[in-house]
Every structure is written in structure tokens, then in C-alpha cells.
Amino acid sequence: MTVGLNVKINEVKQKTILRIEGRLDAASAPILENKLTELISAGKTDLILDFAKVDYLSSAGMRLLLSTTKKLKGSGGKLHFCSISEEVMEIIKMAGFERILSIYPTEQEAINAF
């Protein structure tokens, strides 16, 4: 079985952007978690997750987003989200996470919000 997640990382205006493509579920969450842990350990604390190409988000993926948000908050950092599809946003809203996560319509708005 192949894990359906691809993550590309780049820097824009001193912010680290992770462009995620595919499904964020129990099988793929550890891939993203490892990348996030590496970045945070390297001192990157202003992170943006670009969800433009995420087509599915499971409860395991949501737990990772919540735990990373809390971890960054504790170290003075921030985790912003942008470009979330309507389908994935519905999942986030059903869990009530739209009040907890910092979600922005576009990448530029996520960058400007730091």
C-alpha cells in the first residue's frame, strides 16, 4: 500500500510553508509529523500548512494538527493554515477545530497574519 501524502517545503518571507498533497490520515500523519518535528527542532516556529491539495483529513490528521498547534504555541511559535477545500473545511468544522486552528483563505493572508 502506498501512502497518499506528498509534502514540499519552502521559505517565503522567513515563514516555512509546507505544501501538502493527498490524504492526511492515520497512514500518512506520521510522515507529516516527522517533517514538522524536524522543522521545529531546527528552530522553525512560524509554519504554514498549505492545504490546497489535501483531499481528505481523518481524525488522526486532526489530532496531529491540534498537537502541533499546541506544541508551537508553547514555544512561542505559530501554525497557520491556508487554502483549505470546502470538503476538508467541513470536517474541521464538524470537530469544532475552526475555533482552535488559525485558518486563512490564502497563503498571503496566512503570511501577513504573523
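**Exercise 1. Aspartate 50**

Which backbone nitrogen does the side chain of aspartate 50 reach, and at what distance? Place the residue in the chain and give its exposure as well.

Solution. The structure is a predicted model.
- Step 1: The side chain of aspartate 50 reaches the backbone nitrogen of alanine 52, at 2.9 Å.
- Step 2: Aspartate 50 sits in strand β3, which runs over residues 46–57.
- Step 3: The relative accessibility of aspartate 50 is 9%. Buried means under 20%, so aspartate 50 counts as buried.
- Step 4: Aspartate 50 also belongs to a network of salt bridges, together with Arg19 and Glu107.

**Exercise 2. A salt bridge between distant parts of the chain**

Find the parts of the chain that the salt bridge between arginine 19 and glutamate 107 links.

Solution.
- Step 1: The side chains of arginine 19 and glutamate 107 meet in a salt bridge, with 2.5 Å from N to O.
- Step 2: Arginine 19 is in strand β2 (residues 15–24), while glutamate 107 is in helix α4 (residues 107–112).
- Step 3: The two are 88 residues apart, so the pair links distant parts of the chain.
- Step 4: The relative accessible area of arginine 19 is 27%, which makes this residue partly exposed.

**Exercise 3. Two further salt bridges**

How many salt bridges does a search of the whole structure find? Describe the pairs formed by arginine 23 and by arginine 99.

Solution.
- Step 1: The search finds six salt bridges.
- Step 2: Arginine 23 pairs with aspartate 25, and their closest N and O atoms are 3.3 Å apart.
- Step 3: In this pair, arginine 23 is partly exposed at a relative accessible area of 38%, whereas aspartate 25 is buried at 16%.
- Step 4: Arginine 99 meets glutamate 98 in a salt bridge, at 3.5 Å from N to O.
- Step 5: Arginine 99 has a relative accessible area of 68% and is exposed. Glutamate 98, at 29% relative accessibility, counts as partly exposed.

**Exercise 4. The largest pocket**

Which residues line the largest pocket, and which element gives the most to the lining?

Solution.
- Step 1: The space in the largest pocket is about 170 Å³.
- Step 2: The lining consists of Leu66, Thr69, Lys70, Lys73, Gly77, Lys78, Leu79, His80, Ile100 and Ser102.
- Step 3: Two elements, α2 (59–74) and β4 (78–82), each supply at least two residues of this lining.
- Step 4: α2 gives the most, with four residues.
- Step 5: Sorted by class, three lining residues are nonpolar, four are polar and three are charged.

**Exercise 5. Positive phi outside glycine**

Glutamine 14 and serine 83 are not glycines. What is the sign of phi in each, and where does each residue lie?

Solution.
- Step 1: Most residues other than glycine have a negative phi.
- Step 2: In glutamine 14 phi is positive, at about 60°. In serine 83 phi is positive too, at about 55°.
- Step 3: Glutamine 14 is placed in the loop between β1 (5–12) and β2, and serine 83 in the loop between β4 and α3 (86–94).
- Step 4: Glutamine 14 is exposed, with a relative accessible area of 68%. Serine 83 counts as partly exposed, at 23% relative accessibility.

**Exercise 6. Separation in sequence and in space**

For isoleucine 9 with lysine 35, and for glutamate 90 with serine 67, set the separation along the chain beside the C-alpha distance.

Solution.
- Step 1: Isoleucine 9 and lysine 35 are 26 residues apart in sequence, and their C-alpha atoms are 9.1 Å apart in space.
- Step 2: Isoleucine 9 is in strand β1 and is partly exposed, with a relative accessible area of 42%.
- Step 3: Glutamate 90 and serine 67 are 23 residues apart along the chain, and 20 Å separates their C-alpha atoms.
- Step 4: Glutamate 90 lies in helix α3 and is partly exposed, with a relative accessible area of 48%.

**Exercise 7. The annotated domain**

Which residues does the UniProt annotation "domain: STAS" cover? Describe that span.

Solution.
- Step 1: According to the unreviewed UniProt entry, the annotation covers residues 5–114.
- Step 2: The C-alpha atoms at the ends of residues 5–114 lie 27 Å apart.
- Step 3: The span is 40% helix and 35% strand.

Conventions
Residues numbered from 1 in each chain as written. Predicted model: local features only at pLDDT ≥ 70, side-chain atom pairs only at ≥ 80, totals over all residues. Heavy atoms only, no water. UniProt positions renumbered as here; feature names shortened; annotations may be inferred. Salt bridge = Lys/Arg side-chain N within 4 Å of Asp/Glu carboxyl O. Buried < 20%, exposed > 50% of the residue type's maximum accessible area, 1.4 Å probe, protein only. 1 Å grid on protein atoms, 1.4 Å probe; cavity = no way out; pocket = protein on both sides within 12 Å on 5 of 7 lines; lining within 4 Å. Points joined across faces, edges and corners; volume = space filled by probe spheres on them. Nonpolar A, V, L, I, M, F, W, Y, C, P; charged D, E, K, R; others polar. Polar contact = N/O pair within 3.5 Å; in protein donor to acceptor, adjacent residues only side chain to side chain.
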